[in-house]
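Hello,

Here is the structure I promised to pass on to you. Please have a look at it first, and then read my notes below.

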Amino acid sequence: MATQFKLNGKAVQAQAEPDTPLLWVIRDEIGLTGTKFGCGMALCGACTVHLDGEPIRSCQTPVSAVAGKQVATIESLSKDNSHPLQKAWIAHDVPQCGYCQSGQLMSAAALLRTNKNPSDADIDNAMSGNICRCGTYNRIRAAIKTAAADMRKA
C-alpha cells in the first residue's frame, strides 16, 4: 500500500507498510540520512522532523499518519548551511559528536517559526525533548538566541 505525502516540498510515494515508522521511510526508502535514529522510543529527539510545521518524533510516527501532509527534514533548512540556525550553530561551535544536531535544529526551527524572540525558558521548554549526550545545552541556547536576533534583522 502506497502512502503519498510531501517531503521537503516534493511529492513522494512510500511503498512501506502503513505501520512502518516514518524515520525508516525517510532514511531507507527515500535515502535522506540527516534524520537520525536515537532511542526508537521518541525520548531523545534525534529523529525530529516537522509534520505540517510541528515537530514530531519520526521513530514513532507511522508513515500512514503523514498521508497527504507536509514533512520537512533537516535537509529542508538549506543545502549549504546558510539557514540562520545553521550559521549560529557553527558560530557557537555547538556540535561535539553531532549525532543529536539534526533533531536539535529541527526543534529550534519550529520554535523560531512561532516565537521570534524566545526567552531562556521558552528555549528550554521547546528543546526539552532533545537530549544532547555531550551536554552542549548552553551553546544550543546561545545559538538559538543568535539565530533569532539574525532572523529579526532580516
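His-83 is buried, because its relative accessible area is 17% and the cut-off for buried is under 20%. You will find His-83 in the loop that runs between β5 (70-72) and α2 (84-91). Leaving aside residues up to four places away in sequence, His-83 touches Leu-77 and Ser-78. Please keep in mind throughout that this is a predicted model.

Two other loop residues caught my eye, both for their backbone angles. As background, most residues other than glycine have a negative phi.

Asn-8 is one of the two: its phi is near 55°, a positive value in a residue other than glycine. Asn-8 sits in the loop between β1 (3-7) and β2 (10-14). With a relative accessibility of 25%, Asn-8 counts as partly exposed.

Asp-52 also has a positive phi, of about 50°, although it is not a glycine. The loop that holds Asp-52 lies between β3 (48-51) and β4 (54-57). Is Asp-52 buried or partly exposed? Its relative accessible area is 45%, so Asp-52 is partly exposed.

Now for the chain as a whole. There are 5 helices and 5 strands, and reading along the sequence gives the pattern β-β-α-β-β-β-α-α-α-α. The chain is as compact as a globular protein of its length, because its radius of gyration of 15 Å is close to the 15 Å that the globule rule gives for 154 residues. If you would like the dimensions too, the C-alpha trace spans about 45 × 30 × 25 Å along its principal axes.

As for the interior, buried residues make up 42% of the 154 residues in the chain. I also looked at contacts between residues at least 6 apart in sequence: 57% of these join residues at least 24 apart.

Turning to the surface, the chain exposes about 7800 Å², and carbon and sulfur atoms supply 51% of that area. Where charge is concerned, the chain has 16 positive and 13 negative side chains. The centres of those two sets lie 6 Å apart.

If you open the model with these notes beside you, His-83 in the loop between β5 (70-72) and α2 (84-91) is a good place to begin. After that come the loops with Asn-8 and Asp-52.

Best wishes

Notes. Residues numbered from 1 in each chain as written. Predicted model: local features only at pLDDT ≥ 70, side-chain atom pairs only at ≥ 80, totals over all residues. Heavy atoms only, no water. Helix = DSSP H or I, 4+ residues; strand = E, 2+ residues; numbered from the N terminus. Rg over C-alpha atoms; globule rule 2.2 N^0.38 Å. Buried < 20%, exposed > 50% of the residue type's maximum accessible area, 1.4 Å probe, protein only. Contact = heavy atoms within 4.5 Å. Areas by Shrake-Rupley, 256 points an atom, 1.4 Å probe, with all protein chains shown as cover. Lys, Arg positive; Asp, Glu negative; His and termini not counted. Charge placed at Lys NZ, Arg CZ, Asp CG, Glu CD.
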